[in-house]
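Hi there,

Here is the structure I promised to pass on to you. Have a look at it first, and then read on for what turned up.

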Amino acid sequence: MSGTSAARNDVQHAPRPLLLACYLSGVTTLGLGLLATALLRFERGSLLTMSGGATLALVTCFALVVLGELRPVISSRSIDPMGVALSTTFVFSVLLHFGVVPAMVLHTLATLLSGAVGRHTPRRILFNVAQYVLTNGAGWLVMVALGFVPTLAQPWTPTSLHDLAVVAAAAAACFVTNDVLVATAVALFAGESPLRALLADLRFQLTVSSAQYGLAPLVAVLMQDAPSLVVLAVVPMLAIHRSVAASVESHRQATHDDLTGLANRKLLVTRSRVAVAEALRTGEPCALLLLDLDRFKEVNDVLGHPVGDEVLRQVAARISTAVDPDAVVARLGGDEFAVLLPRVRDAAQACELAHRVVTVLDDALEIDGQLIDVEASIGLALVPEHAAGYELLFSRADVAMYQAKADRTGVQVYDATRDESSAARLGLISELRVALEQGQIEVHFQPKAHLADGSVAGVEALVRWRHPVRGLVPPDDFIPVAEHSGLMHRLTDVVIEMSLLQMAAWQRAGMTVPMAVNVSFRDLLDPDFTGRLTRRLDDFGLDPGLLTLEITERVLTADMDRARARLVALHAAGVRLSLDDFGTGWSSLRLLRELPVAEIKIDRSFVARVAVVEADAVVVRAVTQLAHGLGMQVVAEGVETALTWSAIADIGCDVAQGWHLARPMPGPAATAWLSERMLTPATSTSTAAAPRQRARVADDGAVALHL
Ligand code: C2E
Ligand code: MG
Ligand code: MG
């Protein structure tokens with residue numbers, strides 16, 4: 001037990017290059033030192049007294065050891081320096097029969113030879129030599145301890161059951177020493193626990209090694225009695241080689257995807273289980289990225305399956321190059337891939353890596369001379385932040401991936417508030433229901449001004465939730481939840497009610513303030529919406545032409561036919577319609593021509609840099625000309641600076657909205673702001689709303705510019 005907990009405390013979470021270098025040099029020095037000592041103490045005279053049979057046996061063994069070293073079976077350990085070498089049987093039989101020095105020399109020569117053939121680095125070759133010297137040394141120590149000291153002059157051949165016990169003890173010492181030496185190097189390289197590295201493929205190593213060590217006493221008997229037949233031992237060795245290679249291959253097939261060679265779902269699940277358990281234990285997160293290719297089906301349908309397969313292969317290769325070596329890249333089937341990051345700092349780091357994957361897929365793939373563009377959507381989730389088990393981790397990453405696809409954002413971290421099944425989201429819905437009942441919903445108003453003369457052009461109503469614990473919650477945090485929960489109608493009704501109430505109050509105070517209210521696609525699907533709205537306008541005695549409904553382009557793409565019918569009805573009722581966040585969605589020019597839209601609001605992502613980025617200025621100018629050509633008004637959103645203000649004025653936009661003019665304000669602050677500009681006779685119309693430099697803090701902490 002204590003061994004296990006000590007090993008657990010040992011766990012490190014990053015490769016340890018310095019420690020690895022120290023370890024490799026330590027083992028190498030120790031091994032080579034031992035080899036030198038053994039050679040110095042070796043009685044060279046015994047070479048001269050060797051019989052012809054013994055020489056033949058040694059030479060045959062040497063040839064077989066070289067063969068074995070050159071044909072290792074790669075173990076399941078991905079970075080095991082040597083895999084499982086088939087030379088073990090012959091080296092061990094020499095150790096049993098002739099003693100440690102011949103075994104060490106044989107093994108060293110064979111390792112040097114195979115290292116040279118395989119063009120291994122000198123450091124690696126020397127480490128392997130040292131590792132084998134120490135392995136043979138351990139077996140030798142056990143034999144000496146048990147009173148068996150064979151030499152070239154006095155070879156030993158196991159003949160009894162008692163002898164077999166000695167063989168077993170020496171084999172166990174060799175096996176443990178070799179496995180511990182290799183596992184420690186692997187663990188230091190991968191930054192994991194040595195115990196874990198040791199246990200990772202212990203069964204595999206044990207199975208193969210017991211067959212190899214088990215054959216050695218028989219080879220020792222042949223060396224003694226029929227040296228010319230030693231070579232026959234290669235037959236069972238080859239059989240072992242074949243069966244091990246077949247089992248490694250079938251294991252590989254069972255855990256890898258045929259087409260791409262990546263890990264398959266089964267292996268991913270196994271690795272995820274381990275990573276999740278580790279993350280929960282240490283608190284250091286692990287992350288899962290699920291990646292789905294956009295429009296892959298079209299590639300398959302149009303260009304055929306062979307091209308589709310090649311796309312998947314190239315995508316697999318690119319993903320693999322984008323991630324760190326300890327990440328597990330898997331293909332889950334179809335065009336779905338996954339990347340498991342066993343250790344990440346936080347969601348931001350996982351996100352960075354996900355973006356790296358998206359970036360490597362940016363360049364078109366070249367297949368048979370054709371360039372094919374692929375795009376991917378990636379959803380990611382983390383343990384322990386989003387899930388406490390691998391199953392939940394998978395489903396959360398899946399939800400995030402669908403969000404990424406729907407939003408076309410490329411990468412999306414799991415967001416509980418958008419997950420229809422998450423407890424957090426369900427909690428938010430019931431809290432929002434309470435908020436609507438208990439009057440926690442507020443509407444703030446952000447002014448807009450005509451760019452030509454600075455006069456007030458109206459206000460936009462922006463909903464806020466004054467949460468008892470979280471404070472003022474912005475709409476982006478709860479509108480998506482409301483939209484998918486059936487609460488949206490009630491929320492819109494509340495916002496419209498408050499906005500009309502405010503408009504009517506301003507009207508009574510002598511200010512006619514056009515009002516813009518945002519509506520979601522849910523509202524437009526509601527058949528009673530138009531009727532309810534016109535009734536309320538009527539009740540308040542307000543001119544429908546003073547009300548603008550802002551709709552985003554997404555509304556139009558969701559259910560175009562129904563949306564169009566509703567918009568036509570609203571237009572017929574005299575309500576103005578505005579296309580919000582223009583430029584961020586996918587609306588076509590045909591839509592603009594067909595819909596009764598009076599205004600376009602150019603998204604702030606274009607407006608913000610209009611004075612500094614020429615491309616943005618070109619877009620804003622073109623949209624403005626287009627809108628004017630279609631008889632629409634143009635509003636620029638998000639005007640934050642004087643520079644932007646004059647740039648969009650120069651371009652010819654009609655109206656500006658943004659912090660440079662005023663931030664959204666609660667009703668009383670907005671009333672004060674408007675009265676100063678609309679009721680004070682001293683204020684000339686030409687500068688009525690144009691911003692000045694003095695700032696005033698509004699009731700909700702927002703800063704409003706003050707004339
Ligand atoms: P929107 O309709 O595009 O509203 C403009 C957003 O830009 C507002 O964010 C506003 O506070 C912010 N904004 C204004 N001037 C500036 C500026 O100069 N710089 C920057 N960086 N931002 C500025 P807010 O209030 O957080 O609203 C976010 C979105 O939520 C709105 O975008 C709108 O789509 C939605 N929304 C707000 N209220 C409602 C509502 O009552 N119903 C519905 N369906 N959606 C609403
Ligand atoms: Mg808006
Ligand atoms: Mg907008």
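**The ligand 1 site**

The shell around ligand 1 is made up, by class, of 10 nonpolar, nine charged and five polar residues. Please keep in mind as you read that this is a predicted model. There are 24 residues around ligand 1, and those that come nearest are Arg464, Asp580, Arg604, Glu640 and Trp659.

Where in the fold do these shell residues come from? Strand S9 (456-467), helix H19 (488-508) and strand S13 (576-582) each contribute at least two of them. S9 gives the most, with four residues.

Several side chains approach oxygen atoms of ligand 1. For Arg604, a polar side-chain atom lies 2.6 Å from such an oxygen. An N or O atom in the side chain of Asp580 is 2.7 Å from an oxygen atom of the ligand, and for the side chain of Glu637 the corresponding distance is 3.1 Å. Taken alone, ligand 1 exposes 800 Å², and the protein buries 87% of that.

**The two magnesium ions**

Asp580 and Glu637 turn up again here, so let me take the ions one by one.

The magnesium ion (ligand 2) has Glu460 (OE), Asn518 (OD1), Glu550 (OE) and Asp580 (OD) as its protein donors, at 2.0 to 2.2 Å. Along the chain these donors follow the spacing E-x57-N-x31-E-x29-D. Within this set, Glu550 in strand S12 (residues 547-552) and Asp580 in strand S13 form a pair that links distant parts of the chain, 30 residues apart. Both members of that pair, Glu550 and Asp580, are buried.

The magnesium ion (ligand 3) is coordinated by Asp580 (OD), Asp581 (OD) and Glu637, the last of these listed with two OE entries, at distances of 1.9 to 2.6 Å. The spacing of its donor residues in sequence is D-D-x55-E.

Which residue bridges the two ions? It is Asp580, and the magnesium ions (ligand 2 and ligand 3) lie 4.1 Å apart.

Are the neighbours Asp580 and Asp581 buried or exposed? Asp580 has a relative accessible area of 5%, so it counts as buried, the cut-off being under 20%. Asp581, at 24% relative accessibility, counts as partly exposed.

**Two other spots to look at**

Thr28 sits in helix H2 (residues 17-40). With a relative accessibility of 14%, Thr28 counts as buried. Leaving aside residues up to four places away in sequence, Thr28 touches Leu126, Phe127 and Ala130.

Asp324 is found in the loop between helix H14 (305-322) and strand S2 (328-333). Its relative accessible area is 41%, which makes Asp324 partly exposed. Not counting residues up to four places away in sequence, Asp324 touches Leu353 and Arg356. With Arg356 there is also a polar contact of 3.5 Å between the side chains. Asp324 and Leu341 are separated by 17 residues in sequence, and their C-alpha atoms are 8.5 Å apart in space.

If you open only one view, I would suggest Asp580: it bridges the two magnesium ions, and its side chain has an N or O atom 2.7 Å from an oxygen atom of ligand 1.

Best wishes

Note on methods:
Residues are numbered from 1 along each chain as its sequence is written. Chains are lettered from A and ligands numbered from 1 in the order in which they are written. This is a predicted model: local features need pLDDT of at least 70, side-chain atom pairs count only at pLDDT 80 or more; totals for chains, interfaces and linings use all residues. Side-chain values use heavy atoms; hydrogens and water are left out. Donors are N, O and S atoms within 2.8 Å of the metal (3.2 Å for Na, K and Ca); water is not among the atoms, so sites may look incomplete. Buried means under 20% relative accessible area, exposed over 50%, partly exposed in between (1.4 Å probe, protein chains only). A residue is near a molecule or strand if one of its heavy atoms lies within 4 Å of it. A polar contact is a pair of N or O atoms within 3.5 Å; within protein, one must be able to donate a hydrogen and the other to accept it, and residues adjacent in sequence count only if both atoms are side-chain atoms. Accessible areas come from the Shrake-Rupley method with a 1.4 Å probe; for residues, only the protein chains shown count as cover. Helices (H or I, at least four residues) and strands (E, at least two) are DSSP runs, numbered from the N terminus. Ala, Val, Leu, Ile, Met, Phe, Trp, Tyr, Cys and Pro count as nonpolar, Asp, Glu, Lys and Arg as charged, and the others, Gly among them, as polar. Contact means heavy atoms within 4.5 Å.
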